[in-house]
Amino acid sequence: MGNVPNAVKHCLSYENLMGESFRLPSSFQEKKWPEVHKFPDFVKIVEVGPRDGLQNEKEMVPTEIKIQLIDMLSQTGLSVIEATSFVSSKWVVQMADHNEVLTGINKSPHVRYPVLTPNIQGFQAAVEAGAAEVAVFGSASETFSRKNINCSVEESMQRFEQVICAARQACIPVRGYVSCALGCPYEGQVHPAQVTKVAKRLHELGCYEVSLGDTTGMGTAGSMAAMLRAVMAEVPIHALAVHCHDTYGQALANILTALQMGVSVVDSSVAGLGGCPYAEGASGNVSTEDVVYMLHGLGIQTGVDLAKVIEAGDFICRALKRPTNSKVSQATSRVIDMQAFSVLAE
Amino acid sequence: MLGCLDLEVSLSGLKPLPEKVKIVEVGPRDGLQNEKTIVPADVKIRLIDMLSEAGLPVIEATSFVSPKWVPQMADQEEVMRGIHRKPGVSYPVLTPNLKGYRAAVKAGAMEVAIFGAASELFSKRNINCSVEESLQRFEEVMSAAREEKVPVRGYVSCVLGCPYEGSVSPSRVAEVAQRLYSMGCYEVSLGDTVGMGTPGGMAAMLEAVMREVPVHALAVHCHDTYGQALANILVALQNGVSVVDASVAGLGGCPYAQGASGNVATEDVVYMLHGLSIHTGVDLPKLMDAGSYICRSLNRRTSSKVAQASCKL
């Protein structure tokens, strides 16, 4: 997610979410499973813990801890690690040390370190600090756009166009995000056509990849399938990623659905860092460890060493003084009989 | 690691998703059995009554196993006699042997369940006998149940892995499932006992089992210890399974990984199914009320993410 407003306990009451109103209208329903591809042989994991994860953690994390986390993650085989955000520290205090982080990390030659740049000023500051890839955040929901970044979706697209133009000139790739792809904390249901419109725009403007985010985690396999079917008609599948939140426990099922439909890029956050700002105490990002466990169990390559990710997760959780949100991490750190758990070794 | 699978074979036989899924609520038995805090009979009864009101069609009420082994279930008779039986709802109870079966029927049980394992070591450590010996014990229960026209549900543990043996072959699972089914179990629930299974393993296991047992007689009982339960359940649905076991509030930790979670939370399953427009008959807010009731009684946080997100802690 992009810049995040202060936590809102409930933008929609849970009755609204649980009741009829949240079911897909019949035009969206997938009674028959959509056309299923063979699973991809390889899935690229985009690790968003240091940025999206930490941004949503209450505890302020010192710069050296962030740097150490990123350095540990760089050794796990992850090929993309979202390092920080060049947003005004007035809005996102956790990311105030963006310059120090980006200049302080030990950049691995096999890893890319994209950073968030909400506007041209952020972009310029990022480039000055050595950024070689940037990301912009659009929204499929008007209300979310206004509350989150204080402008309409159209206005945000104009800002991003400036960033993308400047990035093109500097030969810097840009990744696009679409928030609220499976629902909005303010508007409720979001029509797949709205998601498609924004995804297509970002792709046409020049984003090499568009990550579709279930910002509130309210999506289910059905709404994921319907949304992807619509977006895939306009944006090539190799340019799509999914960014699922696990607030309602649906993330892995949603990711599985996306994989079955041919998506091969998945965002996740080590230790499931980053709670949900819309449901206090609830979880947010899906854990990288749990995603990798599922992918490896499916025989899908990721290049990631799960044991090392678990270590990085343990490190940051100790620093944050909070338990991990990763079930794989919880299960493997306390196993009574180790014999059975050779699944972690590749 | 769990072997790479021929995924094209696993995915090619996909059927449309079922329109209806029967949820078998195992919280009061499997859930509470694995909770450290002993819960008084009246709390168990109230929980079961609330679950009945939530629209669940099957609620596993208790276990007629010796209280020496499972103290949590020592109040089995009191619970059976105390619950309000909603018409149309079944209240199966666990009966590990003939003695347990007789006690169950005497206490008013109208459906029973028996537990086999796909792993020899697990069978020996869990119920102190080999798989073959356990099946012979169950034959006795089946005979008696057949005579008295009491339906029997079978469970197979360790279908996607064993805490002692590691990986378990799908053909072994199919063998045990087939034995239970041909013995007379109307339904066989396939349990991922340690939660280590992933969707590929689920598909491969189901493919093997479905060659021996018709899919309408199969259920899945997924543990969420590694966070894989909903993905595994989704694959089961895609393969034609339409009965899913779950535990309110995700009651019941994993006895093989201290502190880790166990059963998948009914609330999270129902949320997914309703999002897929699959009918369950369950009223999710009432289910969450039951979940928050039992969590308050146990003085623990819910394991259901839906409940956490909806502040029904």
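Me: Which residue stands opposite A:S211 in β8(A)?

Reply: In this predicted model, A:A241 of β8(A) is the residue opposite A:S211. The two strands concerned are β7, residues 209-214, and β8, residues 240-244, both of chain A; they pair in the parallel sense over five bridges.

Me: What packs on the sheet there, touching β7 and β8 of chain A?

Reply: Helix α9 of chain A, residues 221-232, does so. Its direction makes about 155 degrees with that of β8(A).

Me: In what order do the strands of the sheet run, and is the sheet open or closed?

Reply: The sheet is open, with nine strands in the order β2-β1-β9-β8-β7-β6-β5-β4-β3 of chain A, and the pairing is parallel. An edge strand pairs on one side only; here the edges are β2 (80-81) and β3 (84-85) of chain A. Chain A also has 13 helices.

Me: Where is A:Y177, and is the residue buried or exposed?

Reply: A:Y177 is found in strand β6 of chain A, residues 174-179. A:Y177 counts as buried because its relative accessible area is 2%, and the cut-off for buried is under 20%. Leaving out residues up to four places away in sequence, A:Y177 touches A:V48, A:E82, A:A135, A:V136, A:F137, A:G138, A:L202, A:S211, A:H243 and A:D267. One of these, A:S211, is the residue that stands opposite A:A241.

Me: How should I read the nonpolar cores, and which residues touch the most other members of the largest one?

Reply: In soluble globular proteins, nonpolar side chains tend to be buried together. Here the largest nonpolar core has 210 residues, and A:L212 and B:L190 touch the most other members. Apart from neighbours within four places in sequence, the contacts of B:L190 include B:V156, B:V173, B:M205, B:L218 and B:H221. A second, separate core of nine residues includes A:V48, A:F137, A:A241 and A:V265.

Me: How many residues does helix α12 of chain B have, and what span does it reach?

Reply: Helix α12 of chain B, residues 284-298, has 15 residues and reaches 21 Å from its first C-alpha to its last, close to the 21 Å expected. Its buried residues include B:L284, B:L287, B:Y293 and B:L298. B:N299 follows α12(B), with a positive phi near 55 degrees.

Me: What share of chain A is buried, and what share of its contacts is long in sequence?

Reply: Buried residues make up 63% of the 346 residues in chain A. Among contacts in chain A between residues at least 6 apart in sequence, 78% join residues at least 24 apart.

Terms used:
Residues numbered from 1 in each chain as written. Chains lettered and ligands numbered in written order. Predicted model: local features only at pLDDT ≥ 70, side-chain atom pairs only at ≥ 80, totals over all residues. Heavy atoms only, no water. Pairing = 2+ DSSP bridges. Helix = DSSP H or I, 4+ residues; strand = E, 2+ residues; numbered from the N terminus. Contact = heavy atoms within 4.5 Å. Axes fitted to C-alpha atoms, helices over the stretch in contact; angles between N-to-C directions. Core = buried A, V, L, I, M, F, W, Y, C linked by side-chain atoms within 4.5 Å. Buried < 20%, exposed > 50% of the residue type's maximum accessible area, 1.4 Å probe, protein only. Expected span 1.5 Å × (residues − 1).
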